[in-house]
Amino acid sequence: MATLQDITVAGVINLLIAVAFLLAFAFLRLQPINDRVYFPKWYLNGSRKSPRHSTRSTVGKFVNLDYRAYMRFLSWMPDALRMPQAELIDHAGLDSVVYLRIYIVGLKIFVPLAVLACAILIPVNATGGTLVNLKKELVFSDIDKLSISNVQSGSQRFWAHLLMAYVFSAWTCFVLYTEYDKIASMRLHFLASQRRRADQFTVLVRNVPPDTDETISEHVDHFFRVNHPDHYLTHQVVYNANKLAKLVKKKEKLKNWLDYYQIKYSRHPEKRPTTKEGFLGLWGERVDAIDFYTAEIDTLVQKIAEERERVLKDPEAIMPVAFVSFNTRWGAAVCAQTQQSKNPTIWLTEWAPEPRDVYWSNLAIPFVAIAIRKLVMGVTLFFLVFFFMIPIAAVQSLANLDGIEKVAPFLKSIIEVKIIKSFLQGFLPGLALKIFLIILPTILMIMSKIEGYAATSILERRAAAKYYYFMLVNVFLGSIITGTAFQQLHAFLHQSPTQIPKTIGVSIPMKATFFITYIMVDGWAGIAGEILRLKPLIIFHLKNMFLVKTEKDRENAMDPGSVGFPEALPQLQLYFLLGLVLSMCIIRSMRV
């Protein structure tokens with residue numbers, strides 16, 4: 001198990017990594033070559049120009065040669081902290097502001113809790129003396145004497161824990177209540193200050209039943225004129241235009257190539273650019289590039305017009321889905337939140353997502369198919385959580401080397417090397433667990449898409465819920481159970497079964513040391529790594545080197561993306577869970 005020295009080593013390593021990431025960010029953001037990576041939104045809205053255009057020096061286009069910039073390279077920190085909330089909402093959106101306030105809530109909750117715990121609970125636990133009496137039965141370190149495991153069963157010291165549990169719970173509820181009130185006010189003010197949007201008056205209707213006498217469009221119009229005569233305004237059915245979408249996408253690619261060759265010709269008018277007619281211009285007859293792509297685009301324009309005409313006239317292309325608009329928000333709200341038919345599987349209504357948020361691929365999935373998909377994905381998630389216990393157990397084996405030494409003494413000579421032991425117990429378990437969790441959000445997002453939700457925001461919420469359940473079962477409960485098993489493996493093998501529950505109850509609170517190291521890896525180094533934006537930095541330069549041909553390509557390459565809510569929010573929820581559980585010592589109820 002991790003000792004105070006191991007935690008110190010982990011803290012120093014993660015602190016150095018975090019500081020290195022922050023210094024690297026402060027340095028890299030000053031370089032002209034990285035300007036589009038760290039200020040993408042300013043470029044996209046036209047409020048910033050590339051500094052590479054303002055210098056004639058070849059080196060100056062890549063490296064900032066102004067020494068004064070390096071003298072104030074940390075000035076971004078106070079500027080970021082002083083940024084007004086209204087400006088932050090305008091720049092990043094209300095969701096991002098609320099996300100940042102979660103960190104503020106964490107500080108409001110846990111700073112007072114930490115002060116009270118250090119002043120009251122730690123002295124109470126440290127002077128308990130129970131673990132010393134169980135030295136022959138349990139494996140523990142000096143830092144575990146600060147936990148509730150060091151308090152004798154039936155001791156009057158538990159009154160301090162009971163009182164602090166009520167205090168911690170009351171303070172947490174108070175902070176959450178006040179913060180929810182502020183966020184609700186922020187949301188109402190934000191909605192009131194925005195212009196009216198079409199999606200605020202629109203409902204998405206799915207599983208429109210077929211009618212032998214009417215087309216789907218006529219059926220939708222007739223249904224809502226009869227059932228919502230006072231508020232119904234208009235509707236738009238959804239067409240299956242997948243082939244049309246592919247043609248439009250192909251046209252955009254060809255247009256991009258045409259722009260590239262036109263720019264190339266404008267820079268060197270003495271020579272017309274050429275290309276080969278084959279795949280990616282790798283083989284075939286060499287022709288004039290501008291004439292070739294112009295002809296290809298003209299052909300595609302004709303095909304697109306024909307395909308659009310076919311889709312509009314073909315009744316089979318109309319899907320049983322429609323966007324229905326109302327003349328008031330009240331009418332839209334009533335329709336979105338009520339059942340429209342005796343049959344609960346048809347005329348399904350929900351609030352329409354805004355156009356950018358629609359996940360078109362899932363609109364036409366039937367109700368029964370959605371139910372089956374959700375069932376299959378639920379079973380898949382269960383097995384995914386179950387089999388992920390294997391790497392969790394491997395991580396916990398690294399965090400509990402003392403227990404392994406008793407079972408496998410031949411490893412003691414290697415494990416007992418101070419640097420190796422501190423690294424294995426203090427830093428490696430948290431890092432290994434973080435690596436195992438890297439690909440998980442992508443898998444859970446794919447599972448949410450298969451379930452059939454019609455909006456990207458809903459997909460993100462469902463993926464976030466799955467990720468949180470996953471972390472709750474595996475990272476929290478799994479680490480506690482498997483960690484306790486490895487930590488007290490020797491005791492389990494050499495004591496009667498009646499003593500095992502007592503051993504588990506005493507040793508579980510000592511798993512707090514593993515979570516301390518995990519949060520240092522994930523919270524300190526991880527958050528600093530997100531600020532550095534190392535992944536977008538590498539991807540941008542690779543795209544800029546191999547794929548960027550026009551200014552539009554460059555805009556696509558510097559896409560700022562989002563915070564990554566499906567991954568970030570469950571992580572913060574786990575931090576809050578760990579902080580509240582371990583600070584209030586709820587797990588004391590497991591003791592015997």
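This report covers the confidence, overall make-up, nonpolar cores and two backbone details of a predicted model.

**Confidence**

The mean pLDDT of the protein is 80, and 79% of the residues score at least 70. Among the secondary structure elements, strand E1 (residues 202-206) has the highest confidence, at 94, while helix H16 (residues 401-407) has the lowest, with a mean of 53. Over residues 585-592 the pLDDT stays under 50, and the model has 24 contacts beyond four places in sequence for this stretch.

**Overall make-up**

The protein has 592 residues, of which 41% are buried. Its secondary structure consists of 27 helices and 6 strands. Of the contacts between residues at least 6 apart in sequence, 75% join residues at least 24 apart. About 33400 Å² of surface is exposed, and carbon and sulfur atoms supply 65% of that area.

**Nonpolar cores**

In soluble globular proteins, nonpolar side chains tend to be buried together. In this model the largest nonpolar core holds 22 residues, and the members that touch the most others are Leu437, Met471, Phe476 and Leu574. Five helices each supply at least two residues of this core: H14 (367-387), H20 (440-451), H21 (456-487), H24 (512-532) and H27 (565-584). The largest contribution is that of H21, with 7 residues.

Met471 illustrates how this core is joined across the sequence. Its contacts, leaving aside neighbours within four places in sequence, are Leu437, Phe476, Tyr518, Pro570, Gln571 and Leu574. A second core, separate from the one above, has 17 residues; Val205, Tyr232, Val237 and Trp347 are among them.

**Residues with positive phi**

Two residues that are not glycine are described here for their positive phi: Asn207 and Trp347. The table lists the angle of each.

| Residue | Phi |
|---|---|
| Asn207 | about 55° |
| Trp347 | near 50° |

Asn207 is in the loop between E1 and helix H10 (216-227). Its relative accessibility is 17%, and the cut-off for buried is under 20%, so Asn207 counts as buried.

Trp347 is in the loop between helix H13 (329-336) and strand E6 (348-351). Trp347 counts as buried because its relative accessibility is 5%. This residue also belongs to the second core, as do Val205, Tyr232 and Val237.

Definitions and conventions
Residues are numbered from 1 along each chain as its sequence is written. Side-chain values use heavy atoms; hydrogens and water are left out. A nonpolar core is a set of buried Ala, Val, Leu, Ile, Met, Phe, Trp, Tyr and Cys residues joined through side-chain atoms within 4.5 Å. Buried means under 20% relative accessible area, exposed over 50%, partly exposed in between (1.4 Å probe, protein chains only). Helices (H or I, at least four residues) and strands (E, at least two) are DSSP runs, numbered from the N terminus. Contact means heavy atoms within 4.5 Å. pLDDT is the predictor's confidence in each residue, from 0 to 100. Accessible areas come from the Shrake-Rupley method with a 1.4 Å probe; for residues, only the protein chains shown count as cover.
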